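Let's take a walk through this model, going from helix packing to aromatic rings. Have the 3D view open as you read.

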Amino acid sequence: MRKNKQFIHVAMIAIVLGAIAAAVAYFGNWLPAPASREAGRIWFNFWAATIVSIVIFAVVSAAIIYSVIKFRAAPDDDSDGPSVHGHTRLEIAWTIIPTIIVVLLSVASAIVLHENSKAGPNPVKIQGIAQQYAFAFKYENGVQSGILRLPLGRHAALRLTALDVIHAFWVPDFGQKQDMVPGQTMTLVVTPTRLGTYPLICSHLCGLGHSIMRTSAIVMEPAAFEKWLADQKTALAGPPGEAGKTVFTNNGCAACHAFTAAGATGAVGPSLDDLSASATAAGQPLEDFIRESIVAPNKVAAKGYPANVMPQTFAQLPKDQLDALVTYIAENGKGGS
Ligand code: CUA
C-alpha cells in the first residue's frame with residue numbers, strides 16, 4: 001500500500017516535469033517547418049528522439065526529486081544509510097531498455113539517411129560551387145546563378161564542391177547540411193515540398209566574410225522553373241548589354257554594389273556607377289579594368305574596401321556571360337553622363 005502511494009507521487013511529479021519539457025520542446029520553435037521531403041524525414045527522427053528524451057528526463061528527475069525530499073536525513077541524523085547490494089532485475093531493465101531505444105533510433109536514422117540519398121530517375125542536376133564568400137549554382141543548360149532555384153516536388157541532385165577552403169551548404173528549412181570541400185564533390189538530394197524563398201547559408205567558418213556568405217533558395221512551380229531556365233538561356237544569348245544585366249542579377253552583384261542601371265543599392269562593395277576614374281588610376285582601359293576586378297578582385301582592391309571580400313567565384317562564369325557582364329557594366333558605369 002505504501003509502495004503504491006510512493007509510485008503515485010513519483011508518477012505525478014514525472015507527469016508535471018514531462019509536461020513542462022514537452023511544452024519547451026513544442027513551443028520553443030526549435031526547427032523551421034520542413035520544406036522538403038528530406039527535412040520531413042529528419043523532422044520525424046528529431047521528434048522521435050525528443051519524445052524518448054522527454055520521457056526519460058521526466059522519470060529520472062521525478063525519482064531524484066522524490067528521493068531527495070522523502071528520504072533526506074534529519075538535521076541531527078549522523079548515522080550511515082542502509083547498505084544496499086544492487087538489484088539484479090532493475091539493472092537488467094536499465095540495460096535492456098536503453099539498448100532497445102538506441103537500436104531503434106539508429107535503425108530509423110539509417111533508413112532516413114538512405115532514403116534522403118535517393119535522387120530518383122529524373123532529378124534536376126545542379127552544380128554548386130562555394131568560394132570566399134559566395135555560392136554559384138550552375139544548371140545543365142549553362143545558366144549560372146548566385147541564387148538557388150528549385151522546382152517544387154521534383155528531386156534536385158546538388159553536386160557540391162568548393163574552390164578554396166571548406167564551406168557548407170545549409171538551408172535550415174530543408175533540414176540538411178553538407179560540407180563543401182575543395183577537390184571533392186558531394187551529392188545532396190533536395191525534394192522541395194513548399195513554395196517560397198528560404199535562406200541559404202554557409203554554415204562553416206570560412207574566413208573574414210563568412211557571415212555575409214548567404215543567399216536564397218527559391219522553390220518555384222515546375223512550369224515557372226522551366227520557363228525561368230529557358231528565359232535565362234534566351235536572355236544570355238541576347239545583346240551583351242541585356243545579357244549582362246541578367247548575369248548581374250543572377251549572380252547577386254546587387255547585394256553588395258550600388259549600380260543605378262540595375263536599380264542596385266548594395267553598400268558592401270564600391271559603387272559601380274562611376275568607374276572611369278578608377279580605371280584611369282589603375283592605368284587600364286575601362287573594360288579591362290572591369291574584367292580584372294571581376295575575375296581577380298584582389299589585384300586592385302578599391303580604396304576603403306578590404307581585400308578578400310569580393311568573391312572570386314565569378315572567374316568561373318562561362319566566357320560569354322563574363323563578356324556580357326563586362327560590357328553591361330562598362331556601358332552603364334562610365335560615369336560623368
Ligand atoms: Cu563560406 Cu562560411
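Start with helix H7, whose buried residues pack against two other helices, H6 (276–281) and H8 (319–332). Keep in mind throughout that you are looking at a predicted model. H7 itself covers residues 286–295, and the buried residues in it are Leu 286, Phe 289, Ile 290, Glu 292 and Ile 294. It helps to recall some helix geometry here: an α-helix has 3.6 residues a turn, so residues three or four places apart point the same way.

Now move back along the chain to another helix pair, H4 and H5, the latter spanning residues 240–250. Their axes come within 7 Å and cross at roughly 135°. An angle over 145 degrees would count as roughly antiparallel, and 65 to 115 as roughly perpendicular, so H4 ends up oblique to H5. Who touches whom? On the H4 side you'll find Trp 228, Gln 232, Ala 235 and Leu 236, and they meet Ala 243, Thr 246, Val 247 and Asn 250 of H5. Sorted by class, this contact has five nonpolar residues, three polar ones and no charged ones.

Hang on to Trp 228, as it leads us to the aromatic rings. A pair of aromatic rings is described by the distance of the centres and the angle of the planes. Rings count as a pair if their centres lie within 6.5 Å, and by this rule the model has 13 aromatic pairs. One of them is Phe 135 with Phe 137: the centres are 6.1 Å apart and the planes sit at 15°, so this pair is stacked. Both partners are tucked away, with Phe 135 buried at a relative accessible area of 5% and Phe 137 buried at 0%.

Back to Trp 228, then. Together with Tyr 139 it forms an edge-to-face pair, 5.4 Å centre to centre with 75° between the planes. This pair links distant parts of the chain, as Tyr 139 belongs to strand E2 (residues 134–139) while Trp 228 lies in H4 (residues 222–237), 89 residues apart. Are these two buried or exposed? Tyr 139 is buried, with a relative accessible area of 5%, and Trp 228 is buried as well, at 9%.

Two more aromatic spots deserve a look. Trp 43, Phe 46 and Trp 47 come together as one aromatic cluster. Elsewhere, a ring meets a charge: the charged end of Lys 177 sits over the ring of Trp 170, 4.4 Å from its centre.

Terms used. Residues numbered from 1 in each chain as written. Predicted model: local features only at pLDDT ≥ 70, side-chain atom pairs only at ≥ 80, totals over all residues. Heavy atoms only, no water. Phe/Tyr/Trp six-rings, centres within 6.5 Å; stacked < 30°, edge-to-face > 60°. Buried < 20%, exposed > 50% of the residue type's maximum accessible area, 1.4 Å probe, protein only. Helix = DSSP H or I, 4+ residues; strand = E, 2+ residues; numbered from the N terminus. Lys NZ or Arg CZ within 6 Å of the ring centre and 35° of its normal. Axes fitted to C-alpha atoms, helices over the stretch in contact; angles between N-to-C directions. Parallel < 35°, antiparallel > 145°, perpendicular 65-115°, else oblique. Contact = heavy atoms within 4.5 Å. Nonpolar A, V, L, I, M, F, W, Y, C, P; charged D, E, K, R; others polar.
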